[in-house]
Amino acid sequence: MEIFVFGSNLAGIHGAGAAAYARKHHGAIYGQGIGLQGNSYGIPTKDEYIRTLPIREITLYVDQFIEFAKTHPEMTFNVTRVGCGLAGYTDGHIAPLFKAAPSNCVLPAEWEQIIN
């Protein structure tokens with residue numbers, strides 16, 4: 001099963017960017033900001049007021065995602081450039097958070113050169 005991984009907000013308002021795409025095409029649930037939803041997985045990069053979260057908080061959500069991915073080797077996780085769009089972080093800020101991602105995570109090409 002292929003899972004679309006996107007940056008979300010804690011309110012679960014999937015109104016723009018990859019989150020809106022996840023809602024329209026991958027079963028993201030309006031009102032759910034974290035975790036598996038249909039064939040998508042939300043990683044919060046913004047709070048319930050749609051303000052960008054600090055990196056230390058995003059790191060916690062990324063770590064939860066990585067643990068989930070490790071326990072679900074039957075799934076392939078197609079990770080978008082989480083946090084690098086509407087949240088305003090750079091690839092250099094976010095890519096290192098995914099360094100421990102298992103092999104069933106397909107990371108953005110932009111991140112490969114940063115992580116390796």
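Begin by selecting Ile13, Tyr30 and Ile50, which together make up a nonpolar patch on the surface, with a combined accessible area of about 290 Å². Keep in mind from here on that this is a predicted model. Within the patch, centre the view on Tyr30, which sits in the loop that runs between α1 (17–25) and β2 (35–37). Because its relative accessibility is 56%, Tyr30 counts as exposed, the threshold for that label being over 50%.

Next, select the cysteines. A search of the whole structure finds zero disulfides, and the spacing of the sulfur atoms shows why: the sulfur of Cys84 lies 16 Å from the closest cysteine sulfur, that of Cys105, which is too far for a bond, given that a disulfide requires two cysteine sulfur atoms within 2.5 Å. Cys105, likewise, takes part in no disulfide, its nearest cysteine sulfur being that of Cys84, 16 Å away. With a relative accessible area of 12%, Cys84 is buried, and Cys105, at 9%, is buried as well.

Now turn to the aromatic side chains, where the count comes to eight aromatic pairs. Select Tyr41 and Phe68 and display their rings: the centres are 5.3 Å apart and the planes meet at 40 degrees, so the pair is classed as tilted, a term that covers angles that are neither under 30 degrees nor over 60. This pair links distant parts of the chain, since Tyr41 belongs to strand β3 (residues 40–46) and Phe68 to helix α2 (residues 55–70), with their positions 27 residues apart in the numbering. Tyr41 itself has a relative accessibility of 5% and therefore counts as buried.

Staying with helix α2, move the selection to Phe65 and its partner Phe77, an aromatic pair with an edge-to-face arrangement, 5.4 Å from centre to centre and with 85 degrees between the planes. Phe65 lies in helix α2 while Phe77 lies in strand β4 (residues 76–79), so this contact ties together parts that are 12 residues apart in sequence. Both Phe65 and Phe77 are buried.

To finish, extend the selection to Tyr41, Phe65, Phe68, Phe77, Phe98 and Trp111, which form one aromatic cluster. With these side chains shown as sticks, the tilted pair of Tyr41 and Phe68 and the edge-to-face pair of Phe65 and Phe77 can be viewed together as parts of that cluster.

Terms used: Residues numbered from 1 in each chain as written. Predicted model: local features only at pLDDT ≥ 70, side-chain atom pairs only at ≥ 80, totals over all residues. Heavy atoms only, no water. Patch = residues over 30% accessible without salt bridge, like charges linked within 9 Å, V, L, I, M, F, W, Y side chains within 5 Å. Areas by Shrake-Rupley, 256 points an atom, 1.4 Å probe, with all protein chains shown as cover. Salt bridge = Lys/Arg side-chain N within 4 Å of Asp/Glu carboxyl O. Helix = DSSP H or I, 4+ residues; strand = E, 2+ residues; numbered from the N terminus. Buried < 20%, exposed > 50% of the residue type's maximum accessible area, 1.4 Å probe, protein only. Phe/Tyr/Trp six-rings, centres within 6.5 Å; stacked < 30°, edge-to-face > 60°.
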